[in-house]
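Work through the exercises below with the model in view. Try each task before reading its solution.

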Amino acid sequence: MTTRIGSKHIAQHRGKAERLDIKRTNIAREAVRQAEARAKYRNVPKGLIKRQEAASAT
């Protein structure tokens, strides 16, 4: 939840350029997270990670 100034949220006081900048930053941050996740599991056969976790747990 955003903080409030009186009866309005701070987000309502942001300018158009600032809102655009925040949106672009969020999109870029999410793209980085997705790229890291894709790289982590690239070229790994299906189910291999689960089998490795199960084997290491026993």
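**Exercise 1.** How many positive and negative side chains does the chain have, and how far apart do the centres of the two sets lie?

Solution. Start with the ground rules: this is a predicted model, where local features need pLDDT of at least 70, side-chain atom pairs count only at pLDDT 80 or more, and totals for chains, interfaces and linings use all residues. Residues are numbered from 1 along each chain as its sequence is written, and side-chain values use heavy atoms, with hydrogens and water left out. Next, sort the charges: Lys and Arg are positive, Asp and Glu negative, with His and the chain ends not counted. Place each charge at NZ of Lys, CZ of Arg, CG of Asp or CD of Glu. The result is 15 positive and 5 negative side chains, with centres 6 Å apart.

**Exercise 2.** Find the pattern that the chain follows along the sequence.

Solution. Use DSSP runs, numbered from the N terminus: helices are H or I, at least four residues, and strands are E, at least two. The chain has two helices and two strands. Their pattern is β-β-α-α. The radius of gyration (over C-alpha atoms) is 21 Å, well over the 10 Å that the globule rule (2.2 Å times the number of residues to the power 0.38) gives for 58 residues, so the chain is more spread out than a compact globule.

**Exercise 3.** Which element has the highest mean pLDDT, and which the lowest?

Solution. Recall that pLDDT is the predictor's confidence in each residue, from 0 to 100. Helix 1 has the highest mean, 92. Strand 1 (residues 4-5) has the lowest, 66. The chain averages 83.
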